[in-house]
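Colleague: I am new to this model. Please take one part and go through it closely.

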Amino acid sequence: MPEANVATFRSYSRFSGLQAAWRRFQRGLARPLTPYYLILGSSALILVLGLMMVFSASQIQARLDGLPFDYYFKKQLISVVIGAGLMFLGVRLPVRTHRALAYPLLLGVLVLLLAVMVPGVGVEVNGNRNWLRLGGFFQIQPSEFAKLALVLWAADLLTRKQQMKTLGEWKHLLIPLVPVGFLLLALVLAGGDMGTAMIICALLFGLLWMAGAPARLFSASALLALLASAVLIITVPHRLSRLGCIGATQVGADGSCFQAVHGIWALASGGIFGTGIGASVQKWGQLPEPHTDFIFAVTGEELGLAGTVSVLVLFAALGYAGIRVAVRTKEPFIRYAAGGATTWIMAQAMINIGAVLGLLPIAGVPLPMFSYGGSALLPTMFAIGLLLCFARSEPTAKAALAARSKRRSKGNKQDRRRFLRRPHKER
């Protein structure tokens, strides 16, 4: 065979192999249980990788704070264990119970957000008064639970309005969803938490989009949100200074953009495969909040581009699975709750990573399930449990699980029969 024909044949074979692999990949994505396993697998890997990076990134910070080197890691591990229990609870509770939790959870969050404003009750951390001390070294941030409360309450509200066929009227679409959302925003902003307020805004827009808000209404709301954000940024000097640090590569003469620039330097020094776990230079007091807001920068320095891309792929898989659960279901509550939870987690991840990359202002929000912080981790893991519950409740997924359970039961019976047929000496 001529050499040109051989080369053509090899090229065609490789192309055919790629086509076959792509078809297998598509068939795998089309399986009923794929969203369930994607959510479970990506969340588990994010948690494990996050624990590893919290242990690495927090050691120096703990010593600088006069604490044992594994202090923050142990607290995060405790939060993961508690969060795993909440995730299991979220998976096992039926959908009607999740709906029943909506109003009590929203009321409880509103009470806690008001309690933060009470002198002697609320605790100020890094200039923001949005914490409550539980006793000992444990604190909670009620604004983190506000996102979960808004998802469940709004999903139940929109479901009832859809059943009554009133979502086509703009008054029923906006009221009381937007006023309650603004109430949460006001209480969160009263404590100075601009980052969480941005996520709640994104969540409200996501819910309005899923509810079928008209383009004019959607555009007007977006314009109003942009104007309000501009006012809130311009009237607070430190927020305005953060806006000026977008894309900065050098620290200002007055020390401005110090955190943003050192985050970029950490990413740049990691190369393709990083300097190795524990070998970060920036975490030695040069990068503020290396284990919380800027843990992605330490990940880039120690694990390199390969590590950061892996984190991005895991979040992309989680987002894809959450959207697929919302799109494929016929239950309105599941669609709104799954879409809302996915919007919340993806928006928070994009805001955090965008700030580290210098594409967005530093908002002070953690990377979901990856950064240190129990207050952010616990409601997020319950939301993951919600998504797993919804993925399992889809009719085709239920049928696949039932068929798998039946095959497993049949296989166990056959194994038992084979065991009993063996001679007594071989057992």
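**Helix 3 and its ring pairs**

Modeller: Helix 3 covers residues 71-92; at 1.5 Å a residue its 22 residues should span 32 Å, and its end C-alpha atoms are 32 Å apart, which agrees. The expected span is 1.5 Å times one less than the number of residues. Helices are DSSP runs (H or I, at least four residues), numbered from the N terminus. This is a predicted model: local features need pLDDT of at least 70, side-chain atom pairs count only at pLDDT 80 or more, and totals for chains, interfaces and linings use all residues. Residues are numbered from 1 along each chain as its sequence is written, and side-chain values use heavy atoms, with hydrogens and water left out.

The buried residues of helix 3 (under 20% relative accessible area, 1.4 Å probe, protein chains only) are Y72, K75, Q76, S79, V80, G83, M87, G90 and V91. Seen down the helix axis, these fall within an arc of 140°, so they line one face of helix 3; the arc is that of the directions from the axis to the C-beta atoms. On the other side, V81, F88 and R92 are exposed (over 50%). Helix 2 (34-64), helix 4 (95-116) and helix 14 (374-393) are among what covers the buried residues, contact being heavy atoms within 4.5 Å.

Rings of Phe, Tyr and Trp (its six-membered ring) pair if their centres lie within 6.5 Å; planes under 30 degrees apart count as stacked, over 60 as edge-to-face and the rest as tilted. The count is 7 aromatic pairs. In one of them, Y72 and Y372 have ring centres 5.1 Å apart and planes at 80°, so the pair is edge-to-face. Y72 lies in helix 3 and Y372 in the loop between helix 13 (332-356) and helix 14, 300 residues apart. Both Y72 and Y372 are buried.

Conventions
Helices (H or I, at least four residues) and strands (E, at least two) are DSSP runs, numbered from the N terminus.
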